[in-house]
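Here are some exercises to work through with the model open beside you. Try each task before reading its solution.

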Amino acid sequence: MKLIKEEVSDLHEKIPKNRGLIVVNSPKKLVKNNSSPAGKMIVGFEEETNWLMRKLTSGSADLDIISITGMPGSGKTTLAYKVYKDKSISSHFDLRAWSTVDQEHDEKKLLVKLYNQVIGSDLKFSEDIDVADLLRRQLFGKRYLIVLDDVWDTTTWDELTRPFPEVKKVSRIILMTQENKAALHGNRSTDPLNLRLLTPEESWELLEKRTFGNESFPDELLDVGKEIAEIVKGFLWWWI
């Protein structure tokens, strides 16, 4: 991965700055970009998108966990966010909440974040307040969708899922992780989705759209663009 970063960084100098690109040391900033999933553009994954939407809206009435696994930059968060924001999904669930976990997480802060999204507020809590119980009470009897992004281990998974009530309301939890062990640990009736890498054609399309919008790659930059797409291959989400 380090070698790829160095090669992509070298290529930045070949791209004219007047093309609206941000040429910096970090290969993640090849183009103007919002680091949140809301700023991401998705290319490909039509089959995976349809599969995920079906799993969220049909099947068992019991609470189900849908795990999405894959290496960093494979597009897990972008895919999940696209589905999470879809109008048919937002109208299907009574309550929705999203939280990024990462390795150095604070359980209570994450639960507070989820709770505030559920109630549509920005409350603060003292240490003696059982936020997990408050969240459980809000979710009970509702059809809810909870997204936990970047879960690293089974212990974290067990801690964060304590407040989620087992109600027959077709409620769903989406878990994104790089760790197969964490994905399998949370598995119920749905097997984890191991997200594939982008095809060369999809990588090129994504790079072109993120760099020039609806315009095509200029002829003078075609070789540079194709070289970048080839270097990062299916991990283009990581860089842009």
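Contact here means heavy atoms within 4.5 Å. This is a predicted model, where local features need pLDDT of at least 70, side-chain atom pairs count only at pLDDT 80 or more, and totals for chains, interfaces and linings use all residues. Residues are numbered from 1 along each chain as its sequence is written, and side-chain values use heavy atoms, with hydrogens and water left out.

**Exercise 1.** List what Tyr144 is in contact with, leaving aside its neighbours within four places in sequence.

*Solution.* Start with Leu63, Phe93 and Leu95, which are among the partners of Tyr144. Then add Leu139, Phe164, Pro165, Val167, Ser171 and Arg172.

**Exercise 2.** Find which residues touch the most other members of the largest nonpolar core (buried Ala, Val, Leu, Ile, Met, Phe, Trp, Tyr and Cys residues joined through side-chain atoms within 4.5 Å). Buried means under 20% relative accessible area with a 1.4 Å probe, protein chains only.

*Solution.* The core has 25 residues, and Leu114, Leu135, Tyr144, Ile146, Leu148 and Phe164 touch the most other members. Elements giving two or more residues include α5 (107-119) and β3 (144-149); helices (H or I, at least four residues) and strands (E, at least two) are DSSP runs, numbered from the N terminus. With 6 residues, α5 gives the most.

**Exercise 3.** Work out the strand order of the open sheet, where strands pair if DSSP finds at least two bridges between them.

*Solution.* The 5 strands run β2-β3-β4-β1-β5, with parallel pairing. Next, mark the edges: β2 and β5 (193-194) each pair on one side only. Finally, look at β1 (residues 64-69), joined to β5 by 2 bridges; Ile68 stands opposite Leu193 in β5.

Note on methods: Buried < 20%, exposed > 50% of the residue type's maximum accessible area, 1.4 Å probe, protein only. Pairing = 2+ DSSP bridges.
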